[in-house]
Amino acid sequence: MLFDMHVHSAKGSPCASIKNEELVKAYKLRGFDGFVLTNHMSRWSMECHYKLGYPDFCKMLHDVYLEAKEHGDKIGLTVLFGQELKLDCTGGNDYLLYGVTYEQLLDYGDMMAWTPEKLKDASEKDGFLYYQAHPFREHMRVVSHELLYGVEVFNGSHDDHFIDSIANLWADKYKLHKIAGSDCHEITHVGVAGVRFMSEIKDNNDLLTALKEDNYYLVEKAITAR
């Protein structure tokens, strides 16, 4: 099953321009079986949504996901709930989260104020997974490999894939788990990269199992229009 692991939509991420319905249809057209909606969980995004009249940031993220999922269900495309979390203390590092539920988001409170150590502890305690997104992009900070489960080694939204090569070598050196994603923000980003799972993925439990078992391979330049 072909999945994009790093996707944004306009309602959930102020920097994205593609609406949920258009997003879902575009991924279906390009031969994908699903994607993880990883809208930004950052101070900037939260402030933007406050100004737009959404005081409950976590509820907004979840409502946007539910809308995308509804569109996906209509055409047979799986949409899963994820997040791209920016930690304040790292100077702006982004972490892709998989398997965090809406209820956990409410229970955790202000995750943006967490440290990488706290993120790791919560992951080990509660079973979700996290990967540093585009770790060698400008303005990112390299953290100890001991504080990571994995890294994004191919990001489809930038042209400088030398930094992806560095991320891949770094993952090999420290035996970190790898993922790839389009980092989709607009229609031209749809389906640029992803992962192909060797098992069926219908929900976040399936996703976590496949990721923990490394039961997939990375796909770059993944567009395969039907």
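**Stop 1: strand β4**

Start by selecting β4, residues 78–86, in this predicted model. Of its 9 residues, 8 are buried, so β4 is largely enclosed by the rest of the structure. Keep β4 coloured, and bring in its partner strands one at a time.

- Show β2, residues 34–37. β2 runs parallel to β4, and the two pair over 4 bridges. To see one of these pairings, pick F35, whose bridge partner in β4 is V79.
- Add β3, residues 40–41. β3 is also parallel to β4, joined to it by 2 bridges. Here H40 stands opposite E84 of β4.
- Now add β5, residues 94–98. This strand runs antiparallel to β4, with 5 bridges between them. Look for G82, which has Y98 of β5 opposite it.

**Stop 2: H40 and its surroundings**

Stay with H40 in β3 and switch on its side chain. Is H40 buried or exposed? Its relative accessibility is 13%, under the 20% cut-off, so H40 counts as buried.

Next, show the side chains of E84 and H185. H40 makes a side-chain polar contact of 3.5 Å with E84, the residue that stands opposite H40 in β4. A second polar contact, of 3.3 Å, joins the side chains of H40 and H185.

To fill in the surroundings, select the residues in contact with H40 beyond its neighbours within four places in sequence: H8, G12, S13, C15, S45, F57, L61, E84 and H185.

**Stop 3: helix α1**

Move to α1, residues 20–29, and highlight N20, L23, V24, A26 and Y27, which are buried. Turn the view to look down the helix: these residues span an arc of only 165° around the axis, which puts them on the same side of α1.

What do the buried residues of α1 pack against? Show β1 (2–7), β2 (34–37), α3 (57–75) and β4 (78–86), and you have the answer. Before leaving, click on G31, just after α1, where phi is positive at about 85°.

**Stop 4: the largest nonpolar core**

Why look for nonpolar residues in the interior? In soluble globular proteins, nonpolar side chains tend to be buried together. Here the largest nonpolar core has 67 residues, and those touching the most other members are Y98, L119, F197 and L211. Helix α3 gives the most to this core, contributing 7 residues.

L119 is a good one to centre on. Leaving out residues up to four places away in sequence, L119 touches L85, L87, Y95, L97, M111, W114, F128 and Y130. Y98 may look familiar from the first stop, where Y98 was opposite G82.

**Stop 5: salt bridges**

The structure holds 10 salt bridges. Three are worth a visit here.

- *D88 and R43.* The closest N and O atoms of this salt bridge are 2.7 Å apart. The pair links distant parts of the chain, 45 residues apart: D88 is in the loop between β4 and β5, while R43 is in helix α2 (residues 43–51). D88 is partly exposed, at 38% relative accessible area, and R43 is partly exposed at 26%. Add D110 to the selection to see a network of salt bridges linking R43, D88 and D110.
- *R137 and D183.* These side chains meet in a salt bridge of 3.4 Å, N to O. Distant parts of the chain are linked here as well, 46 residues apart: R137 lies in the loop between β6 (129–132) and β7, and D183 in the loop between β8 (177–181) and β9 (193–197). R137 counts as partly exposed at 25% relative accessibility, whereas D183 counts as buried at 3%.
- *D73 and K69.* This salt bridge has its closest N and O atoms 2.9 Å apart. Both residues lie in helix α3, 4 residues apart, or about one turn of the helix. D73 is partly exposed at 49% relative accessible area, and K69 is partly exposed at 29%.

**Stop 6: G156**

Finish at G156, in the loop between β7 (150–155) and α6 (162–174). With a relative accessibility of 15%, G156 counts as buried. Show G181, S182 and V192, which G156 touches when residues up to four places away in sequence are not counted.

For a last view, zoom out and draw a distance from G156 to D56: they are 100 residues apart in sequence, and 31 Å apart from C-alpha to C-alpha.

Key:
Residues numbered from 1 in each chain as written. Predicted model: local features only at pLDDT ≥ 70, side-chain atom pairs only at ≥ 80, totals over all residues. Heavy atoms only, no water. Buried < 20%, exposed > 50% of the residue type's maximum accessible area, 1.4 Å probe, protein only. Arc of directions from axis to C-beta. Contact = heavy atoms within 4.5 Å. Polar contact = N/O pair within 3.5 Å; in protein donor to acceptor, adjacent residues only side chain to side chain. Core = buried A, V, L, I, M, F, W, Y, C linked by side-chain atoms within 4.5 Å. Pairing = 2+ DSSP bridges. Salt bridge = Lys/Arg side-chain N within 4 Å of Asp/Glu carboxyl O.
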